[in-house]
Amino acid sequence: MDELIGQVLTIARGMWKHRWLGLLVAWVVTAIGSMVVLSVPNKYEATARIYVDTQSILKPLMSGLAVQPNVEQQVAMLSRTLISRPNVEKLIRMADLDLKSQSKGGQDALIDGLMKTLQIQNVGRDNLYLLSYRDSSPDKAKRVVQSLVSIFVESSLGDSRKDTDTAKKFIDEQIKTYVAKLEEAEKRLKEYKIRNIEIQTADGKDMAGQLGAVSGQLSQARLELREAENARDAAKRQLDAEKSQNADITSRSLLQESAVSVSTPEIDARIDAQRRNLDGLLQRFTEQHPDVSNTRRLIKELEDIKRKEVQELRKTAAANPMASSSNSLAYQELNRMLATSEVQVASLRARVGEYEARFARARELMKTAPQIEAEYSQLNRDYEINKRNYNDLVARREAATMTGELDTAAGVADFRLIDPPRASPNPVAPNRLLLLPLALLAALGAGLAVTFVASRLRSVFYDARSLRDAVGLPLLGVVTLVMGEGAVLKEKSDLKRFLGASGGLVGVFILGMVIFSLLSGRAG
């Protein structure tokens with residue numbers, strides 16, 4: 001830090017040595033800058049305000065269906081439409097600005113200058129536009145703004161129909177391109193599905209998911225098979241126990257019970273049906289009615305058949321007690337359950353075999369599944385991207401069509417001149433009260449820069465350390481200057497003159513600013 005302060009002090013002492021040169025430069029630059037600022041011609045601004053009514057009752061009704069530019073887009077569109085080279089050339093002819101510029105270069109320079117200085121600004125958010133132009137002649141500025149207003153009012157958004165047709169044409173070309181891409185992508189997808197039809201599922205699972213699903217189905221089928229086999233074995237055991245337990249009971253019951261008490265399900269059911277029929281007939285007819293007689297005869301025949309069947313059962317039970325036990329309801333039910341279990345076991349075995357074969361095929365397909373799934377993902381991704389872009393383009397084409405029809409139905413925008421063109425009576429530029437202090441600051445900066453350059457060109461060493469650092473040699477000693485009384489008085493006198501000259505520069509400048517301000521106020 002001390003070294004930095006020392007360097008700054010050394011530079012300041014070097015610049016102080018050339019202070020009179022810097023002060024002279026500051027005086028000269030101040031005079032030249034003031035003359036330049038005062039010689040800049042005055043600029044007068046002409047302005048006009050126009051309201052553009054772009055609202056229509058159809059626009060809120062068609063919101064979301066047709067393209068409707070916002071205010072920012074409208075401002076950009078108006079700027080491109082109005083401040084363009086053809087319109088500026090037309091403006092030059094209308095304002096008679098081309099009378100003094102006959103050459104091609106002069107006309108191009110005039111057009112470029114107007115395109116840079118003409119301004120269209122949006123005032124607020126109510127489609128209110130401010131047209132402005134600055135020139136050294138207020139009448140000329142007013143004529144330019146008047147011509148600009150005429151062009152602005154006469155212009156319309158009729159080119160939007162042309163823009164709509166161009167947009168539709170471009171979108172149609174893009175749609176044709178995407179139709180070809182979609183057809184090609186669909187063809188590739190079809191070929192892929194035909195080539196890999198074996199690995200496709202309705203739920204869209206990949207091979208890992210299919211393998212997991214088949215494994216789960218196989219485990220479930222094996223579990224159900226074990227359950228069915230256990231149920232079948234239990235039915236067999238119950239059937240054997242029922243057969244051995246009921247053999248003696250059945251034989252004894254058939255031998256001991258009367259024919260009426262022995263159960264013959266089919267014949268008993270027929271007898272019960274005929275008896276109910278007889279009860280119904282007796283309620284309507286007498287005993288001599290043929291239907292009643294026939295019914296009683298049929299009941300008697302069925303009872304005789306039952307007695308004969310019971311006798312046969314008794315003979316069979318006496319000869320083979322085990323066979324007679326099969327006629328019991330429990331035995332028949334257990335036998336039916338066993339047959340059902342056998343059928344279920346056979347069905348589940350076939351199911352387990354099928355799932356084992358599917359699981360084996362799925363494991364084989366898993367070796368090539370990653371590559372196949374990656375190919376499908378790529379094909380599907382390309383197809384979805386093309387399809388989404390195609391749908392977007394179709395929707396945009398419909399929106400462009402409706403937009404063109406909306407513009408035709410709604411008509412052009414309504415231009416209303418709020419403030420007619422008017423030139424300001426006082427110049428708006430340049431701001432000399434601001435530029436003159438800047439000229440003084442520039443002069444002071446130029447003076448400081450000159451003193452710094454002079455101190456660098458004619459360097460002087462003010463202490464032993466800077467000299468030793470510059471030459472790189474050891475110093476034997478330092479001779480100190482002792483100033484006498486006359487030299488001190490002379491240095492003080494020189495300092496007073498410098499401060500007086502510097503204060504005179506600032507004082508003269510301030511006095512000039514005051515005089516200029518008073519003159520400007522009287523002129524205004």
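Me: Which residues of α7 are buried, and what does buried mean?

Reply: In this predicted model, the buried residues of α7 are A141, V144, V145, S147, L148, V149, S150, I151 and F152. The word buried is kept for a relative accessible area under 20%, so each of these residues falls below that cut-off. Across the protein, buried residues make up 27% of the 524 residues.

Me: How do you know that the span of helix α7 is close to what is expected?

Reply: Helix α7 covers residues 138-154, which is 17 residues, and from its first C-alpha to its last it reaches 24 Å. The expected span is 1.5 Å times one less than the number of residues, and for α7 this comes to 24 Å, to which the computed reach is close.

Me: What makes the set that includes L82, L91, L114, L118, L131 and F152 a nonpolar core?

Reply: A nonpolar core needs buried residues of the nonpolar kinds, joined through side-chain atoms within 4.5 Å. The largest such core has 27 residues, and the six that you name touch the most other members. At least two residues of this core come from each of β1 (44-53), α5 (85-94), α6 (104-117), β3 (128-135), α7 and β4 (414-423), while α7 gives the most, with 7 residues. A separate core of 8 residues, among them L218, A221, L225 and L348, lies apart from it. In soluble globular proteins, nonpolar side chains tend to be buried together.

Me: Which residues is L131 in contact with, leaving aside its neighbours within four places in sequence?

Reply: L131 is in contact with A46, T47, A48, I50, L82, Q119, I120, V145, L148, V149 and F152. The word contact asks for heavy atoms within 4.5 Å, so each of these residues has a heavy atom within that distance of one in L131. For the protein taken together, 83% of the contacts with a separation of 6 or more are between residues 24 or more positions apart.

Me: Why is the pair R134 and E45 called a salt bridge?

Reply: The cut-off is a side-chain nitrogen of Lys or Arg within 4 Å of a carboxyl oxygen of Asp or Glu, and the side chains of R134 and E45 meet at 3.7 Å, N to O, so the pair qualifies. The salt bridge links distant parts of the chain, with R134 in strand β3 and E45 in strand β1, 89 residues apart. Both residues count as partly exposed, R134 at 40% relative accessibility and E45 at 21%.

Me: What makes D108 and R85 a pair that ties together parts of the chain?

Reply: The closest N and O atoms of D108 and R85 are 3.0 Å apart, and the two form a salt bridge. Because D108 lies in helix α6 and R85 in helix α5, the pair ties together parts that are 23 residues apart in sequence. D108 is partly exposed at 23% relative accessibility, and R85 is partly exposed as well, with a relative accessible area of 32%.

Me: Why is D135 called buried, whereas K140 is called partly exposed?

Reply: D135 has a relative accessibility of 9%, which is under the 20% that sets the limit for buried; K140, with a relative accessible area of 23%, falls between that limit and the 50% above which a residue is exposed. D135 forms a salt bridge with K140, the closest N and O atoms being 3.7 Å apart. Elsewhere, salt bridges that share partners join R85, E89, D108 and D112 into one network, and a search of the whole structure finds 18 salt bridges.

Me: What makes I32 partly exposed, and which patch is I32 part of?

Reply: The relative accessible area of I32 is 49%, and since exposed begins over 50%, I32 stays in the partly exposed class. Patches take residues with over 30% relative accessible area, so I32 passes that cut-off. I32 is found in helix α2 and, together with L24, W27, V28, V36, V40 and V508, makes a nonpolar surface patch of about 590 Å². Helix α2 (residues 19-39) gives the most to this patch, with 5 residues.

Key: Residues are numbered from 1 along each chain as its sequence is written. This is a predicted model: local features need pLDDT of at least 70, side-chain atom pairs count only at pLDDT 80 or more; totals for chains, interfaces and linings use all residues. Side-chain values use heavy atoms; hydrogens and water are left out. Patches are made of residues with over 30% relative accessible area and no salt bridge: like charges are joined within 9 Å, nonpolar side chains (Val, Leu, Ile, Met, Phe, Trp, Tyr) within 5 Å. Accessible areas come from the Shrake-Rupley method with a 1.4 Å probe; for residues, only the protein chains shown count as cover. Helices (H or I, at least four residues) and strands (E, at least two) are DSSP runs, numbered from the N terminus. Buried means under 20% relative accessible area, exposed over 50%, partly exposed in between (1.4 Å probe, protein chains only).
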